[in-house]
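Work through these exercises with the model open beside you. Try each task before you read its solution.

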Amino acid sequence: MKEAMFWEEMGNGKVRCELCRHRCVIYEGKIAVCGVRINKGGKLFSLVYGNPIAMHVDPIEKKPLFHFYPGTTSFSIATVGCNMKCSNCQNWDISQYKFDKQKNKVKNSWVTPEEIVKMTMEKKCKTISYTYTEPTIFFEWAYDISKLASEKKIYNIFVTNGYMSEIALKTISPYLHGANVDLKSFRENFYHKIPGAKLKGVLESIKLMKKYGIWVEITTLLIPTLNDSKEEIRDIARFIKEEIGPETPWHISRFYPNYKLLNLPPTELRSIRKARDIGVTEGLKFVYGGNVPGDEAENTYCPNCKTLLIERYGYTILKNRVSKGKCPECQEKIEGVGL
């Protein structure tokens, strides 16, 4: 165990965690909502520091990040745990792990930040992605890694639900270069019912990321009957344009039944295309379809002259015509990092 960052004593052995927007009050011997932070002797500790459940080399497009050094690889790491309880989570077996309810604890492998950075360099990865589960819940480990990685000119990326506290985001912002934020819905009742959180906190985090100079891309998983109305799609598009900027890539991803949400059908491809059209009509420059390999919605087009700039198939780039961050035909700026 490692003592946690961002907590305060509340008297009578209780502590309040200030890492995410749940701000859990935790009694002696009890564990926070995320399942990986425990009150021991009136102090808060992380149960997952240096204890990865997954380490893989992924294409950066898998995060998905389409405007952050496209075509490069990212060393991707995660621990168990999450501060949301999404009914459709595709990684539920590791995200919903609870130390106090499991018979066998995750093996403590203790991988140091130095070892993660070394492996990243050996694998010739441009970035480290804190992903698969929610990186906020293994913040102390991610923070220590990100500082070392930055010194080695390695970029750091959060693939996140955006529910971290302002102090956590501000603390890591000098070392956090990119983020894909899962904006699950634009309705509070959805956030209350599906992930067990509040929309307002996610929106505040997204705006703070923009303020701190972090490159942001947004993903929305389009779930039939739950968040796929034209009105809600339009609301998300308008928020992105007005609060983050029209250059912000928006990934509208296809839902497949998973975990506890097995009663709904997969998202129809035409629904993805209609949602994408709404995003473009509302003034967003780059709107993509996700989980639709082979569809043109995966490609990047010049927002001015409509030239095909980056052709993709799944996570593979087939063609990249962006030159020095510009369209080669009309010289329109194509926003991003490393384009």
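**Exercise 1. Find how strands 5 and 6 pair, and place them in their sheet.**

Step 1. Strand 5 and strand 6 (residues 43-46) run antiparallel and share four bridges. Two strands pair if DSSP finds at least two bridges between them. Helices (H or I, at least four residues) and strands (E, at least two) are DSSP runs, numbered from the N terminus.

Step 2. Check one position: Asn39 is opposite Leu44 in strand 6.

Step 3. Now widen the view. The open sheet has three strands, ordered 1-6-5, with antiparallel pairing. Its edges are strand 1 (2-3) and strand 5 (37-40), each of which pairs on one side only.

A note on the source: this is a predicted model, where local features need pLDDT of at least 70 and side-chain atom pairs count only at pLDDT 80 or more, while totals for chains, interfaces and linings use all residues. Residues are numbered from 1 along each chain as its sequence is written, and side-chain values use heavy atoms, with hydrogens and water left out.

**Exercise 2. Describe the sheet that holds strand 16.**

Step 1. Three strands make an open, antiparallel sheet in the order 15-16-17.

Step 2. Strand 15 (300-301) and strand 17 (316-320) are the edge strands, and each pairs on one side only.

Step 3. Strand 16 (residues 308-313) pairs with strand 17 over four bridges, in the antiparallel sense. Glu311 faces Lys319 of strand 17 across this pairing.

**Exercise 3. Decide whether strand 13 is enclosed or open, and name its parallel partner.**

Step 1. Count the buried residues (under 20% relative accessible area; exposed is over 50%, partly exposed in between; 1.4 Å probe, protein chains only). In strand 13 (residues 250-254), four of the five residues are buried, so the strand is largely enclosed by the rest of the structure.

Step 2. Strand 12 (residues 215-222) pairs with strand 13 in the parallel sense, over five bridges. Ile218 has Trp250 in strand 13 as its bridge partner.

**Exercise 4. Classify two aromatic pairs.**

Step 1. Apply the rule: rings of Phe, Tyr and Trp (its six-membered ring) pair if their centres lie within 6.5 Å; planes under 30 degrees apart are stacked, over 60 edge-to-face, and the rest tilted. The count by this rule is 13 aromatic pairs.

Step 2. Take Tyr130 and Phe158. Their ring centres are 5.5 Å apart and their planes meet at 65°, so this pair is edge-to-face. Tyr130 belongs to strand 9 (residues 127-130) and Phe158 to strand 10 (residues 155-160), so the pair ties together parts 28 residues apart in sequence. Both Tyr130 and Phe158 are buried.

Step 3. Take Tyr143 and Tyr175. This pair is also edge-to-face, at 6.0 Å centre to centre with 70° between the planes. Tyr143 is in helix 3 (residues 139-151), and Tyr175 is in the loop between helix 4 (166-172) and strand 11 (178-182), so the pair ties together parts 32 residues apart in sequence.

Step 4. Compare exposure. Tyr143 has a relative accessible area of 14%, so Tyr143 is buried. Tyr175 has 24% relative accessibility, so Tyr175 counts as partly exposed.

Step 5. Look for a cluster: ring pairs join Phe6, Phe139, Tyr143 and Tyr175.

**Exercise 5. Find lysines over ring faces.**

Step 1. Use the test: NZ of Lys or CZ of Arg is within 6 Å of the ring centre and within 35 degrees of the ring normal.

Step 2. Lys2 sits over the face of Tyr49, 4.9 Å from the ring centre. Lys126 sits over the face of Tyr69, 4.7 Å from the ring centre.
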